[in-house]
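This report describes the fold of a protein chain, its annotated segments and two of its residues. Please consult the sequence and coordinates alongside the text.

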Amino acid sequence: MLDKYTTRWVKPPLLYSARLLERCGIKADQLTLLGFALGLAAMLAVALQAYSWALLLLLANRILDGLDGALARLSQPTDAGGFLDITLDFIFYSGLVWAFALANPAEHGLAAATLIFSFIGTGGSFLAFAALAERRQIKHPDFGHKSLYYIGGLAEGTETILVFIAFCLWPQHFVALAYGFALICALTTVTRIWAGYRTLKVSDQTE
């Protein structure tokens, strides 16, 4: 819901930083892999209940996730790079929640499982529609720079990052936050399925 606004805010500093990295010979895929490594470190920090470190590593992961795309767009984005980026993102999203279950299985386990289950809905509807939208050359007016069609919803990247930050700042409230965000993700899944179905139905009728 917020991504179309936050993308406009962060685009100028990301572009400036990406140009500096390009001059240093840094490649987009290198940033993607480094960001994922930091994400794995964030998961370890959460599992060890080192939440301040987890927050710093989470923020570093997200900054590099923005930089790799900005750097790729300075030259020619590749399907391989886009595939790597989104796959590792999805692993990180579910992995960080899983790490909270590891940190406190008795209290966090069911809430973490519920949230990961809700991620299947948001992620599955996102990727399924993106694949069909690509086949039909359907483009999103706000996210034409993305490797895949970016179907929106209540829970997008910005909301997910904010919730993850909240997890790290207030781990004692993880259960309530996780269930609340799982509900938002469920609503997002429903709206994406409906919007995606209607969009593709119209496309079917115009062929």
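Is Tyr5 buried, partly exposed or exposed, and why? Tyr5 has a relative accessible area of 37% and is therefore partly exposed, since that class lies between the limits of 20% and 50%. The model discussed here is a predicted one.

**Surface patch**

Tyr5 is located in helix H1. Together with Leu2, Trp9, Val10 and Leu162, Tyr5 forms a nonpolar patch on the surface. The accessible area of these residues together is about 510 Å². Helix H1, which spans residues 3–23, contributes three residues to the patch, the largest share.

**Overall architecture**

The protein contains seven helices and zero strands. Along the sequence, the pattern reads α-α-α-α-α-α-α. Of the 207 residues in the protein, 43% are buried. About 11500 Å² of surface is exposed, and 68% of that area is supplied by carbon and sulfur atoms. Among contacts with a separation of 6 or more, 79% are accounted for by residues 24 or more positions apart.

**Annotated segments**

The unreviewed UniProt entry assigns the feature "transmembrane region" to residues 36–59, 80–103, 109–132, 148–170 and 176–195. Two of these spans are described in the following table.

| Span | Helix content | Strand content | Distance between end C-alpha atoms |
|---|---|---|---|
| Residues 36–59 | 88% helix | 0% strand | 12 Å |
| Residues 80–103 | 100% helix | 0% strand | 34 Å |

The chain over residues 36–59 is thus described by 88% helix, with its end C-alpha atoms 12 Å apart. For residues 80–103, the helix content is 100% and the corresponding separation is 34 Å.

**A buried phenylalanine**

Phe167 belongs to helix H6, which comprises residues 157–169. Why does Phe167 count as buried? The relative accessibility of Phe167 is 0%, so the residue falls in the buried class, for which the cut-off is under 20% relative accessible area.

Which residues does Phe167 touch, if those up to four places away in sequence are not counted? The contacts are Phe100, Leu115, Phe174, Leu177 and Ala178. A further relation links Phe167 to Leu96: the two are 71 residues apart along the chain, and their C-alpha atoms are separated by 9.8 Å.

In summary, Phe167 is buried at 0% relative accessibility, whereas Tyr5 is partly exposed at 37% relative accessible area.

Definitions and conventions. Residues numbered from 1 in each chain as written. Predicted model: local features only at pLDDT ≥ 70, side-chain atom pairs only at ≥ 80, totals over all residues. Heavy atoms only, no water. Helix = DSSP H or I, 4+ residues; strand = E, 2+ residues; numbered from the N terminus. Buried < 20%, exposed > 50% of the residue type's maximum accessible area, 1.4 Å probe, protein only. Contact = heavy atoms within 4.5 Å. UniProt positions renumbered as here; feature names shortened; annotations may be inferred. Patch = residues over 30% accessible without salt bridge, like charges linked within 9 Å, V, L, I, M, F, W, Y side chains within 5 Å. Areas by Shrake-Rupley, 256 points an atom, 1.4 Å probe, with all protein chains shown as cover. Salt bridge = Lys/Arg side-chain N within 4 Å of Asp/Glu carboxyl O.
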